[in-house]
Amino acid sequence: MSSENGKLLPETDAGGLNFEATELTLGLPGESRVTSDGVAKLGSKRGFSETVDLSLGDNKNTNKFGQSQIDVPEAAKSPVSKAQVVGWPPVRGYAKRRTKSCKYVKVAVDGAPYLRKVDLEMYNTYQQLLTSLEDMFSCFTIRNYLSDKKLDQVNGIEYVPTYEDKDGDWMLVGDVPWQMFVESCKRLRLMKSSEAVGLAAPRTPPKCSSAS
Amino acid sequence: MNYFPDEVLEHVFDFITSHKDRNSVSLVCKSWYKIEKYSRQRVFIGNCYSISPERLIARFPGLKSLTLKGKPHFADFNLVPDDWGGFLYPWIKAMARSRIGLEELRLKRMVVSDESLELLSKSFPNFKSLVLVSCEGFTTDGLAAVAANCRLLRELDLQENEVEDHRGHWLSCFPENCTSLVLLNFACLKGEINLASLERLVARSPNLKSLRLNRAVPFDTLQRLLMRAPQLVDLGTGSYVHDPYSEAYNKLKAAIQSCNSIRSLSGFLEVAPRCMSAVYPVCENLTFLNLSYAAGLQSIELTKLIQYCRKLQRLWILDCIGDKGLGVVASTCKELQELRVFPSDPFDAGNAAVTEEGLVLVSAGCPKLNSLLYFCQQMTNAALITVAKNCTNFIRFRLCILDPIKPDPVTNQPLDEGFGAIVRSCKGLKRLSLSGLLTDQVFYYIGMHAKQLEMLSIAFAGDSDKGMLYVLNGCKKLRKLEIRDCPFGDAALLEDMGKYETMRSLWMSSCEVTLGACKTLAKKMPSLNVEIINESEQTEFNLEDRQKVDKMYLYRTVVGHRKDAPEFVWLL
């Protein structure tokens, strides 16, 4: 979905480590951090205005491409990524046609006073899940901040998405194919990256596409 | 003809059933108008805002069967905000007050409140048939009222509605002496059902021909229901999951075998693939098979099933059947008229489920094919040209390429020529939906050849106003035009304003049309309602005339502005 937008980050600066590349963000392992126009992508926190619309019902807050005030017909001409367009594909009730039951798991975020629940069956890819989590927790996360920080710049406090699998182990989200993840995930935890020191950098993405 | 008494004319008119024909009859002379008016029982209203309930009742006081459609089609795809309109209540209220002898009500994309259902159930003692398609706004309490009060109810058909489920007691509201049910479809309900009530209801309904269950009805209940209703013609299973080596499974197999009237099969909302063999016995007589909700079936199980369905006329399936699976359809289902292939994973780029190959195979194997809805990863001009050659009988051709501006992957060209071939070859084409990379040229072809076209859906297509103008000028029978994300603007909109009086409606969203042009149109054409849907903060007074509108919906009407428009809908 995002492959056409991704750009490779420069491996190193002149002689130094590229800290940006090792910065842990809310994103798929190995995924590029910037879109083609240089805007910091999904991984770093963005505001509601940049939310990708999942066409899951409410179309009140987001406009078509999840970008505010963009001139829509121009945007319509650029290569369209399926998950970003309201009302496309034009299929009614697609959510009902998808995999049978719902799979609700608890989501805990370090620092949040209460947990949430998400239905993993509502998503097809890691990207969709992470976007949705971002929506769910962006409010209070931002409130944790000093008020002069912009909504879409959440430097410093990043979260690592982890999950508890059937064996009771805490795993990094994104290593295994999506369907396998849905089956084995018991609960989710967004861990503060300061606690995640010592975790290896995200690996290369699995061979199959994000929703296998 | 002047010497015939009215009763004779009325009797003759009884044989004229099509709405169009009856409308024509009423225009012949005053006496025919009067006779037709009082004998008319069935009325179809394609846009509930084109006329008011009061005028309907005055015009056809003998009304018994009413069809009403509310929201524009694109509401199905979340392009129309909630509360836009399409409320049923005023219609029920007016008909109740005027003591209309309503017997049948068919609604599509209307907002139906529990209050309206209750009023309906209490106001029309002969009420027999309620069909709700893609409606919303009601709960199972409203259904309970219908069940309890409509003593002669024959049909309760709920298709793809959004129903708030207050749990299963509504079924128990059918009185014990209600034995008239012919059709019961509650597949779209999400909640639990009182299974014992359901079984008793089915047991006391000897005329029941069509039964479609929801997900909450388990396998063993299905078996008991089939034992009670072997006369069923149309079955929609609920949950279809069980251990295929159990006693219950064997019982179901036996029950299905005694149902030798089943011609239509759907459901499988939850499905265990290994249980499908139980339905093989009914396959050979099936004319309609809907597996579009059976996400648990893979291509191999689907094709195994379809191989038994030699008499199939309509097939609705998920794209996981694959091109090869469609090949099996092509070689087995020689009577096939309608095919719908739905996307099982609409947002996944990598899953190449069906392509142009599957469609070509079906077109080659199924010469009677006349209706298509096809969601695919890609399409080529060559394939469309072949399809056009193989099948000249298309009445409905709706193609949806999941990437809406994808060109022909082989030649990298737009799909103008492919669709051009379709409209040139299928002279009876009434409905067309386009997708893929398309220029003004495709609209030139459509305007030139699609002379019977009544409904056209366009998205992300065209280069200029010329495109839209080709269509408006060429398609003389056009009734509904819906456009999104196309570079059509004011010049196209205003070129032939009278055209819109010959159409039911026009929808344009994310195009180049400005507020000023919409205002001009509204002013010059009082017989049209021009509505702007604006979900941003701006009010009508802040937005300048030269600014583009996001969503415009216009329709012809004889009753002027509607009174129930919400704040975000501006009536120009």
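1. In this predicted model, the buried residues of helix 10 of chain B, which spans residues 247-257, are B:Tyr249, B:Leu252, B:Ala255 and B:Ile256. Viewed down the helix axis, these buried residues fall within an arc of 120 degrees, so they line one face of helix 10 of chain B. An α-helix has 3.6 residues a turn, so residues three or four places apart point the same way. On the face of helix 10 of chain B that is turned away from the buried side, one finds the exposed residues B:Glu247 and B:Gln257.

2. The start of chain B deserves a separate remark on charge, since B:Asp6, B:Glu7, B:Glu10 and B:Asp14 gather there in a surface patch of negative charge. Of these residues, B:Glu7 belongs to helix 1 of chain B, residues 6-13, and B:Glu7 counts as exposed because its relative accessibility is 57%, where the cut-off for exposed is over 50%.

3. A nonpolar patch on the surface is formed by B:Phe4, B:Val8 and B:Val12, which together have about 230 Å² of accessible area. Within this patch, B:Val12 is found in helix 1 of chain B, and B:Val12 counts as partly exposed because its relative accessibility is 37%, a value to be read against the limits of 20% for buried and 50% for exposed.

4. Turning to chain A, its secondary structure comes to five helices and five strands, and these follow the pattern α-α-α-β-β-α-β-β-α-β when read along the sequence. Chain A has 212 residues, of which 46% are buried.

Key
Residues are numbered from 1 along each chain as its sequence is written. Chains are lettered from A and ligands numbered from 1 in the order in which they are written. This is a predicted model: local features need pLDDT of at least 70, side-chain atom pairs count only at pLDDT 80 or more; totals for chains, interfaces and linings use all residues. Side-chain values use heavy atoms; hydrogens and water are left out. Patches are made of residues with over 30% relative accessible area and no salt bridge: like charges are joined within 9 Å, nonpolar side chains (Val, Leu, Ile, Met, Phe, Trp, Tyr) within 5 Å. Accessible areas come from the Shrake-Rupley method with a 1.4 Å probe; for residues, only the protein chains shown count as cover. A salt bridge is a side-chain nitrogen of Lys or Arg within 4 Å of a carboxyl oxygen of Asp or Glu. Lys and Arg count as positive and Asp and Glu as negative; His and the chain ends are not counted. The place of a charge is taken as NZ of Lys, CZ of Arg, CG of Asp or CD of Glu. Helices (H or I, at least four residues) and strands (E, at least two) are DSSP runs, numbered from the N terminus. Buried means under 20% relative accessible area, exposed over 50%, partly exposed in between (1.4 Å probe, protein chains only). The arc is that of the directions from the helix axis to the C-beta atoms.
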